[in-house]
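This report describes the fold, the nonpolar core and selected side-chain interactions of one protein chain. The sequence and the model are shown first.

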Amino acid sequence: MDRLTESGWVGLHVVVAVCVLSFVPLGLGALGRGRRLVRWWPTAAVPAVAALVLPRGLLAGLLCVPYLLACLLVPVVLRREPLVAFAAACLPVAAVGLLAERAGVTLLGFPLGVLGLTAAHFHVAGFGALLLVSLVDARHRAARLLAPAGVALVGLGFLAGRTPLGQDAGDLIELVGAGLLTSGLWLAIATRAGRAARLLLALSVVTMTLALLYAAGQLLPIPHLNLTWMVLTHGVLNTTAVLTALTVAQLGHRRRPPPAIRAVSIVLGQARDSS
């Protein structure tokens, strides 16, 4: 894996800061869950964002501890539905990567760049994108299976590259994972109608194609962007797309009437139709 340049690190930290501040409040808001956790979220998120602008070290690492503890609470709040629970379980992984990278600790032998990318990947693809997939009609099972499998395999590829299997094996697993994740996201978006869904699909085609080319480029001599440009294109665009979609989903949930009112409306509608 090539190294991040200074501009790449800036882009990565901006992506992670956006995720830390907004993804959980928006995601929980879209689901209508965890209102108390949402209310207190800034007290954990703001110190972690402050850590991103400080030099690596003990202080920066300690500022990420409240965020890790808060992320551990999210799976407890969202433990009922399997896909949502899987998305929530990605958050502590992202938080551990962030804490280790800011503390300057090569956790389990992983370079700091890999730890930083782990924080971004498990926030955006792990929590944000999977949460959006969970909001898709449950009949579309392929998308709901392929996307989490892809996220898990990409993470497994990170791990495999540091084992006796070697980096080539890790890169191959990441390529398969990127392919599954891409397929799941495309299927999920394709089931939605409207101009916004078409724009999101077009953006996803571009950004996920870049991810596939990068993963394949680690194994084959094919043209692909370097890691810094991947962060500045694929990373920034994917974060923007997920942020926008979560915002729309949260606003849509707020506009829904309470269940009791919806039930009364349905009954009245049926009564009117029968008359």
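Of the 275 residues of the protein, 45% count as buried, where buried means under 20% relative accessible area, exposed over 50% and partly exposed in between (1.4 Å probe, protein chains only). The model is predicted, so local features need pLDDT of at least 70 and side-chain atom pairs count only at pLDDT 80 or more, while totals for chains, interfaces and linings use all residues. Residues are numbered from 1 along each chain as its sequence is written, and side-chain values use heavy atoms, with hydrogens and water left out.

**Overall architecture**

The protein has 11 helices and 0 strands; helices (H or I, at least four residues) and strands (E, at least two) are DSSP runs, numbered from the N terminus. About 13,900 Å² of the protein is exposed, and carbon and sulfur atoms supply 70% of this area, computed by the Shrake-Rupley method with a 1.4 Å probe. Among contacts (heavy atoms within 4.5 Å) with a separation of 6 or more, 70% involve residues 24 or more positions apart.

**Nonpolar core and aromatic pair**

A nonpolar core is a set of buried Ala, Val, Leu, Ile, Met, Phe, Trp, Tyr and Cys residues joined through side-chain atoms within 4.5 Å. The largest such core has 68 residues, and those with the most contacts inside it are Leu12, Val16, Trp41, Tyr67, Val74, Leu98 and Phe127. Helix H6 (residues 112–134) contributes the largest share of this core, 15 residues.

Rings of Phe, Tyr and Trp (its six-membered ring) pair if their centres lie within 6.5 Å; planes under 30 degrees apart count as stacked, over 60 as edge-to-face and the rest as tilted. The count by this rule is 1 aromatic pair. The ring centres of tryptophan 41 and tyrosine 67 are 5.6 Å apart and their planes stand at 75 degrees, so the pair is edge-to-face. Because tryptophan 41 lies in helix H2 (residues 35–53) and tyrosine 67 in helix H4, the pair ties together parts that are 26 residues apart in sequence. Both tryptophan 41 and tyrosine 67 are buried. Beyond its neighbours within four places in sequence, tyrosine 67 is in contact with residues including Val20, Ala44, Leu91 and His123.

**Positions in helices H4 and H10**

The table gives the relative accessible area of three residues.

| Residue | Relative accessible area | Class |
|---|---|---|
| Leucine 72 | 44% | partly exposed |
| Threonine 228 | 5% | buried |
| Valine 242 | 8% | buried |

Leucine 72 lies in helix H4 (residues 65–77); leucine 72 and proline 92 are 20 residues apart in sequence and 5.7 Å apart in space, C-alpha to C-alpha. Threonine 228 belongs to helix H10 (residues 227–255), and its contacts outside the neighbours within four places in sequence are Arg3, Leu4, Thr5, Ser7 and Gly8. Valine 242 also lies in helix H10. Its C-alpha atom is 8.6 Å from that of phenylalanine 23, 219 residues apart along the chain.

**Charged side chains**

A salt bridge is a side-chain nitrogen of Lys or Arg within 4 Å of a carboxyl oxygen of Asp or Glu, and the count by this rule is 2. Glutamate 101 meets arginine 56 at 2.8 Å, N to O. This pair links distant parts of the chain, with glutamate 101 in helix H5 (residues 82–103) and arginine 56 in the loop between H2 and helix H3 (58–63), 45 residues apart. Glutamate 101 also forms a salt bridge with arginine 102, the closest N and O atoms being 2.9 Å apart. Arg56, Glu101 and Arg102 are thus linked in a network of salt bridges. Glutamate 101 is buried at 1% relative accessible area, whereas arginine 56 is partly exposed at 37%.
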